[in-house]
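Here is a short guided walk through one protein model, written for someone new to reading structures. Keep the picture open beside the text and look up each residue as you go.

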Amino acid sequence: MSGVTTDMAAYWDRAGRVWVEQQALLDRLYQPIAKAVVDRADLRAGEAVLDVGCGAGATTFEAAWRVGPEGRAVGADISGALLELARRRAGEQALEGVEFVHADAQTHAFGQDFDAIVSRFGVMFFPDPVAAFANLRRALKPGGRLAFACWRGPEDNAIAQVPLEAAAPFLPEVPKFERNAPGRFGFADPERVLSILAEAGWRDITIEALDDPTPVSFEELLTMSLRVGPLNPILSNADETLRARVREAVTAALSPYVKDGVAQMNSACWLVTAR
Ligand SMILES: C[S@@+](CC[C@H](N)C(=O)[O-])C[C@H]1O[C@@H](n2cnc3c(N)ncnc32)[C@H](O)[C@@H]1O
């Protein structure tokens, strides 16, 4: 792999391991979002599709079913650990026409033979998003389609905001969610997404809200809050006392979101399409 930003590669090297560990939970939670993205890409049998920031491959697999054995579904990612898992899962499902490449999607020369590009939460991390989306445009045949899901703001995603606020009094420094920088909420502002895509040469851009209230158990909600979110790196380096305090505070703060042991943890996203 060449041209990868060292910071992001290092970030995803660590975060990718967490996504590997929690793959089953994350895939169950976000499966409706993969479906929505692939539906919107309007894939047809025999087409070639690229899944950007494919992670463990859930969206690539969804796309592979749509394009069928005559088609091609390629997943690209910078995390070696996630790609290893994706390849193993493709082998287990004996899916034809699926491949995975270790590539920085901002700079990698993908060729120009894709009919569509899809992504579930894999396109908000580019250090230079205009360059990245211009590069991705070059991977498409003329008239090719783009469809991706990204997060709306933390204020619409209680699972992101509530644990962080609950933990804040115990932390020396509270991580901030940035809206105009590479990161999970980097595409929360639809005007920013629109201008990045337009500047990168995309046309017929549409952005609509997508809400997914897939239910999770209280334990899963805690796992998402403490293991998958920004508290993970802090708590990994914290002593047992701090970990217990944060866990207790987060548990109390999340309790109102749970009824009969089940939480409706809305995933508030943007569903974006372009040509
Ligand atoms: C939030 S995860 C989503 C993974 C997967 N799409 C899913 O929904 O399960 C973001 C993914 O984007 C990948 N990623 C981040 N920057 C990238 C880049 N420049 N090129 C390729 N992949 C990248 C990360 O390694 C990670 O797997």
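The buried residues of helix α5 pack against four other elements: β1 (48–52), β4 (114–120), β5 and α7 (190–199). Helix α5 itself covers residues 129–137, and its buried members are P129, A132, F133, A134, N135 and L136. Bear in mind, as you look, that this is a predicted model.

Helix α6 (residues 158–167) makes another good stop. Seven of its 10 residues are buried, so the helix is largely enclosed by the rest of the structure. Those buried residues are I159, A160, V162, P163, L164, A166 and A167. Which helices do the buried residues of α6 pack against? The partners are α8 (218–228), α9 (231–236) and α10 (240–254).

One of those partners, α8, contains F218. If you set aside its neighbours within four places in sequence, F218 is in contact with T251, L254, S255, V258 and G261. For a sense of distance, try A103: this residue is 115 residues away from F218 along the chain, and the two C-alpha atoms are separated by 36 Å.

Now let us turn to the ligand. The model places the ligand in the largest cavity. It is surrounded by 17 residues, and the closest are G53, D77, D104, A105 and R120. Three polar pairs between the protein and the ligand are listed here.

| Protein atom | Ligand atom | Distance |
|---|---|---|
| G53, polar backbone atom | nitrogen | 2.7 Å |
| D104, polar side-chain atom | nitrogen | 2.7 Å |
| R120, polar side-chain atom | oxygen | 2.6 Å |

How much of the ligand's area does the protein bury? Taken alone, the ligand exposes 590 Å², and the protein buries 97% of that.

Next comes strand β5, which spans residues 140–151 and includes R145. P142 also has its place in strand β5. Are these two residues buried or exposed? R145 has a relative accessible area of 11%, so it is buried. P142 has a relative accessibility of 84% and therefore counts as exposed. In space, the C-alpha of P142 is 8.8 Å from that of Q112, although their positions lie 30 residues apart in sequence.

R145 has plenty of company. Not counting residues up to four places away in sequence, R145 touches A41, D42, L43, E47, D115, A116, I117, L140, A274 and R275. With A41 there is also a polar pair: a polar atom of the R145 side chain lies 3.0 Å from the backbone oxygen of A41.

D42, one of the residues that R145 touches, has a backbone detail to look for. Most residues other than glycine have a negative phi. D42 is not a glycine, yet its phi is positive, at about 55 degrees. This residue is found in the loop between α2 (23–41) and β1. Its relative accessibility is 41%, so D42 counts as partly exposed.

A94 offers another example, with a positive phi of about 50 degrees although it is not a glycine. You will find A94 in the loop between α4 (80–93) and β3 (98–102). Here the relative accessible area is 62%, so A94 is exposed.

Helix α4 is also the place of R89. What is the relative accessible area of R89, and is the residue buried or exposed? The value is 14%, so R89 is buried. Leaving aside neighbours within four places in sequence, R89 is in contact with Q23, D27, A56, G57, A58 and F61.

The last stop is V123, in the loop between β4 and α5. A loop residue can be buried too: V123 has a relative accessible area of 2%, and because buried means under 20%, V123 falls in that class. Not counting residues up to four places away in sequence, V123 touches V52, F133, F148 and F187. F133 is a residue you have already met, as one of the buried residues of helix α5. I234, by contrast, is 111 residues from V123 along the chain, and the C-alpha atoms of the two are separated by 25 Å.

Key:
Residues are numbered from 1 along each chain as its sequence is written. This is a predicted model: local features need pLDDT of at least 70, side-chain atom pairs count only at pLDDT 80 or more; totals for chains, interfaces and linings use all residues. Side-chain values use heavy atoms; hydrogens and water are left out. Helices (H or I, at least four residues) and strands (E, at least two) are DSSP runs, numbered from the N terminus. Buried means under 20% relative accessible area, exposed over 50%, partly exposed in between (1.4 Å probe, protein chains only). A polar contact is a pair of N or O atoms within 3.5 Å; within protein, one must be able to donate a hydrogen and the other to accept it, and residues adjacent in sequence count only if both atoms are side-chain atoms. Contact means heavy atoms within 4.5 Å. A residue is near a molecule or strand if one of its heavy atoms lies within 4 Å of it. Accessible areas come from the Shrake-Rupley method with a 1.4 Å probe; for residues, only the protein chains shown count as cover. On a 1 Å grid over the protein atoms alone, a cavity is a set of points where a 1.4 Å probe fits but cannot get out, and a pocket is an open set with protein on both sides within 12 Å along at least five of seven lines; lining residues have an atom within 4 Å of a point. A molecule sits in a cavity or pocket if more than half of its atoms lie within 2 Å of its grid points.
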